[in-house]
Number of protein chains: 2
Amino acid sequence: MNEGGRVARHTARDLRSENRFEVLHALFDLGPSSRQELARHTGLSQATVTTLVGEFLSEGVLTIAARERTGVGRPYDRLAIDPGRGRIVGVDVAETYVVAVVHDLALGVLGEGEVALDEHENGQGYVVDGIVTAIARAVEAGGTTRERIDGVGVSMPGHVHPGAGVSVFAPNWDWHDVRIEELLAARLELPVHVDNPLKAVTLSEMWFGAGRAVDSMAVVNLGTGVGAGIALNGSLIRGTTNNAGEWGHTLLELDGRPCRCGRRGCVEAYVGAAGLETTLAALAPDHPALGLGGQREFVAAVAEGLLAGDPAVAELLARTARFLAAALGDLVNLLNVPTVTLTGWMSRALADWLVPAVRAELPRHVLPGSLPGLRVQASPVPGNAVALGMAAFTLEQFLARLGLASPARARAQ
Amino acid sequence: MNEGGRVARHTARDLRSENRFEVLHALFDLGPSSRQELARHTGLSQATVTTLVGEFLSEGVLTIAARERTGVGRPYDRLAIDPGRGRIVGVDVAETYVVAVVHDLALGVLGEGEVALDEHENGQGYVVDGIVTAIARAVEAGGTTRERIDGVGVSMPGHVHPGAGVSVFAPNWDWHDVRIEELLAARLELPVHVDNPLKAVTLSEMWFGAGRAVDSMAVVNLGTGVGAGIALNGSLIRGTTNNAGEWGHTLLELDGRPCRCGRRGCVEAYVGAAGLETTLAALAPDHPALGLGGQREFVAAVAEGLLAGDPAVAELLARTARFLAAALGDLVNLLNVPTVTLTGWMSRALADWLVPAVRAELPRHVLPGSLPGLRVQASPVPGNAVALGMAAFTLEQFLARLGLASPARARAQ
Ligand SMILES: [Zn+2]
Ligand SMILES: [Zn+2]
């Protein structure tokens with residue numbers, strides 16, 4: 001039942017592209033599988049799956065991992081993505097670093113390259129050089145060459161327009177409508193896809209995390225910036241200008257703490273790394289964790305304080321958990337999602353203390369009708385979830401290009 | 001591109017049911033149309049549209065409104081929904097009233113019936129009696145009979161479970177898991193569909209309001225209760241337990257005003273009718289609008305005060321507009337919807353002052369990337385939008401039942 005919504009108007013080409021992608025996604029979910037298992041998992045007909053698998057085999061995307069036989073039945077193939085078919089690079093650009101990760105076609109990690117960025121130097125050339133260098137390091141670490149790379153996906157902080165321009169409202173950068181996709185594609189001589197980190201972490205969570213069990217979720221990113229990727233009924237929510245998910249800039253407290261977006265009282269000003277510094281400074285102005293210079297050093301010191309039973313840091317955690325539970329309560333009350341996962345470097349550093357404390361606070365903030373079955377958990381996605389999500393976006397685009405060139409295209413239309 | 005979301009697994013039956021519905025929805029959008037216009041508008045093939053129109057004609061749902069000829073071309077039919085085919089009742093149950101509206105199959109209003117509910121008496125029998133009486137009055141006013149009614153859609157306040165039980169957390173009612181759909185179907189001897197008013201107003205907005213221009217929107221309901229229906233990419237967002245949209249119980253101010261949900265600082269406590277009373281009481285404790293007894297009388301007095309230039313009431317409006325803009329800013333920052341419409345009895349009473357004041361405040365609360373093109377407007381849906389939305393849900397269910405019984409079913413499978 002579509003309840004009167006405009007049904008997406010699928011052309012034969014869109015539908016075929018989606019079906020190809022569904023088969024591939026099923027292989028990520030199931031591991032090596034028979035055609036019959038793929039049909040059951042995707043809901044596609046056996047005939048359609050057989051056609052698509054034939055295409056993928058001839059394109060070299062799939063390989064026959066094993067030929068098996070059950071009892072007296074006919075032998076059947078167990079299919080797998082051929083990791084050797086090509087290389088996909090995912091890049092996580094933050095204000096203080098660039099991490100590039102080379103993946104095989106099955107999205108296994110082959111190698112990583114990192115470049116530190118000086119947050120006070122942020123010209124376009126400086127950042128582009130950092131991205132190019134990080135990719136070169138990852139390519140070397142991954143034992144591959146530029147020629148084998150099928151595409152590069154780059155996550156940029158701030159507001160990434162669907163047409164690939166980037167604007168950043170964070171005070172550190174002052175970019176406006178920078179055509180970063182074009183700039184990078186020209187420098188790298190490779191297909192480049194640019195998106196926003198919230199969209200990337202959400203796609204990784206849908207494919208490799210909570211999305212294995214549920215179709216709707218909020219993926220809450222805690223670090224210098226704070227935001228929430230949203231997936232509803234299996235669709236990533238982008239918003240009308242690809243700017244959905246700015247939960248970090250929703251109110252916790254009208255006229256509260258100043259936020260770097262210019263508003264006062266935003267969630268980010270309480271549960272972002274700088275927000276924790278503000279909270280601790282109010283509790284214990286002379287606390288040694290406050291004099292360390294960088295946010296990562298501060299959060300590491302907080303984790304150490306929690307391990308050591310430092311009472312000021314314990315109180316910081318309790319207040320932060322209350323702020324976070326209140327802000328997550330808003331997200332759950334509005335969207336009634338069954339699952340919230342916490343991701344980002346600060347989540348990883350503090351999850352052992354933060355997750356149980358938030359779970360204990362949450363019933364005070366969630367409506368009774370949305371509480372039963374609600375799960376709050378640290379994201380189970382391994383490695384750099386931003387780079388992985390960008391690689392998944394890029395894989396999708398690569399498969400679509402490959403499908404257009406496939407001889408099966410004429411048959412399907 | 002589906003971006004790795006799980007594609008909804010369409011069976012042939014689902015797809016046919018959706019296509020039937022798309023054709024009908026197109027007729028609501030376009031008015032009387034040719035098969036060619038319907039194919040263009042829905043994106044369905046001419047052959048599919050011709051088949052579905054044939055079914056609808058034989059079921060009596062469509063009628064040939066005119067036979068036309070352009071130039072020397074072949075004559076073609078202009079098709080319309082046959083309003084005489086049947087009757088659909090939509091019912092809006094609130095804490096202080098029941099309004100039932102009889103619609104024809106084209107969702108034109110034929111007659112209305114109202115029953116006042118005493119908000120202090122809320123036993124199940126009392127409320128069910130009120131619903132039955134309101135429907136009987138509407139049936140009489142609409143010049144029809146119970147036998148001609150194809151279905152009844154009833155909106156209940158509070159949390160309506162998909163399985164048709166109702167729980168209410170509002171203090172006035174104390175219902176828990178009341179099987180209202182069964183109770184009403186037994187009393188009325190008619191198919192009954194129960195849902196929540198936020199879902200109903202959103203469906204009316206999608207069909208007859210902002211949804212004519214955009215696929216994504218928030219429909220903000222202001223009255224005793226406050227909430228926001230959400231449609232994204234043409235889909236109504238229900239949430240995992242049909243409880244999405246409780247924006248009224250997201251925070252404006254941590255530890256702020258007490259809210260009737262038990263939390264403190266919720267949006268509803270500032271921009272619901274009781275919230276306005278609280279704001280005015282702080283500004284002018286002896287203001288005559290405060291002693292009138294009912295919320296509707298209070299809001300009517302506020303509107304009169306605004307017309308008359310009462311300075312305390314003008315300040316109440318300015319503060320309310322600021323609260324509302326802040327809370328709408330959160331909604332837009334999170335969901336990046338292009339359109340927000342205001343609905344509900346309090347919106348209607350105050351829209352002339354509230355809408356321009358909110359528009360002026362909004363840029364202070366919305367991220368720059370989500371502001372361009374953002375529209376905030378009073379809902380253009382005429383009449384009782386809750387009853388209309390419930391009638392539209394019920395029409396959808398009626399068409400699905402009819403389609404299952406249609407001889408075309410075998411052909412399509
Ligand atoms: Zn902010
Ligand atoms: Zn509340």
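**A walk through the two-chain model**

I will open with one residue at the metal site: B:Cys259 has a relative accessibility of 9%, and because that is under 20%, B:Cys259 counts as buried. Please keep in mind throughout that this is a predicted model.

Which protein atoms hold the zinc ion (ligand 2)? The donors are ND1 of B:His249 together with the SG atoms of B:Cys259, B:Cys261 and B:Cys266, and they lie 2.1 to 2.4 Å from the ion. The angles among these four donor atoms run from 102 to 122 degrees, and the site of the zinc ion (ligand 2) is tetrahedral. If you follow the donor residues along the sequence, their spacing reads H-x9-C-x1-C-x4-C. Whereas B:Cys259 is buried, B:Cys261 has a relative accessible area of 23% and is therefore partly exposed.

Let me turn to how the two chains are arranged. In general, two copies of a chain are related by a rotation about an axis and a shift along it. Here, chain A is superposed on chain B by a rotation of 180 degrees with 0.0 Å of shift along the axis, and the RMSD is 0.0 Å. That is the relation of a two-fold axis. Which residue of chain A comes closest to the rotation axis? That residue is A:Glu253, whose C-alpha lies 2.0 Å from the axis. As for the surface they share, 100% of the interface residues of chain A are also interface residues in chain B, so the copies meet through the same surface.

Next come the sheets, beginning with chain A. There we find an open sheet of five strands, in the order β5-β4-β3-β6-β9, with mixed pairing. Its edge strands are β5, residues 109–116, and β9, residues 192–195, each of which pairs on one side only. From one strand to the next, the twist averages 15 degrees. Within this sheet of chain A, strand β3 (residues 87–93) and strand β6 (residues 149–155) run parallel and are joined by six bridges, and A:Ile88 stands opposite A:Gly151 in β6(A). Packed on the sheet is helix α4 of chain A, residues 124–141, which touches β3, β4, β5 and β6 of that chain, and whose direction makes about 150 degrees with that of β5(A).

In chain B, I would like to show another open sheet of five strands, with the order β12-β11-β10-β13-β14 and mixed pairing. At its edges stand β12 (235–236) and β14 (375–378) of chain B, and because each has a single partner strand, one side of each is left without a neighbour in the sheet. Strand β11 of chain B, residues 226–232, pairs with β12(B) in the antiparallel sense over two bridges, and B:Ala231 stands opposite B:Leu236 in β12(B). Helix α11 of chain B (residues 345–361) packs on this sheet, touching β10, β13 and β14, and its direction makes about 150 degrees with that of β14(B).

I will finish with a single residue of chain A, namely A:Arg35, which is placed in helix α2, residues 35–42. Is A:Arg35 buried or partly exposed? With a relative accessible area of 23%, A:Arg35 is partly exposed. Leaving aside residues up to four places away in sequence, A:Arg35 touches A:Gln46, A:Val49, A:Thr50, A:Val53, A:Leu57, A:Asp77 and A:Leu79. A:Tyr76 is 41 residues away from A:Arg35 along the chain, and their C-alpha atoms are separated by 8.3 Å.

Conventions: Residues are numbered from 1 along each chain as its sequence is written. Chains are lettered from A and ligands numbered from 1 in the order in which they are written. This is a predicted model: local features need pLDDT of at least 70, side-chain atom pairs count only at pLDDT 80 or more; totals for chains, interfaces and linings use all residues. Side-chain values use heavy atoms; hydrogens and water are left out. Donors are N, O and S atoms within 2.8 Å of the metal (3.2 Å for Na, K and Ca); water is not among the atoms, so sites may look incomplete. Four donors count as tetrahedral if all angles lie between 85 and 135 degrees; four count as square planar and six as octahedral if opposite donors are over 155 degrees apart and all others between 65 and 115; anything else is irregular. Buried means under 20% relative accessible area, exposed over 50%, partly exposed in between (1.4 Å probe, protein chains only). Helices (H or I, at least four residues) and strands (E, at least two) are DSSP runs, numbered from the N terminus. Contact means heavy atoms within 4.5 Å. Two strands pair if DSSP finds at least two bridges between them. Axes are lines fitted to C-alpha atoms, for helices over the stretch in contact, and angles run from 0 to 180 degrees between N-to-C directions. Copies are superposed by least squares on the C-alpha atoms of residues with pLDDT of at least 70 in both.
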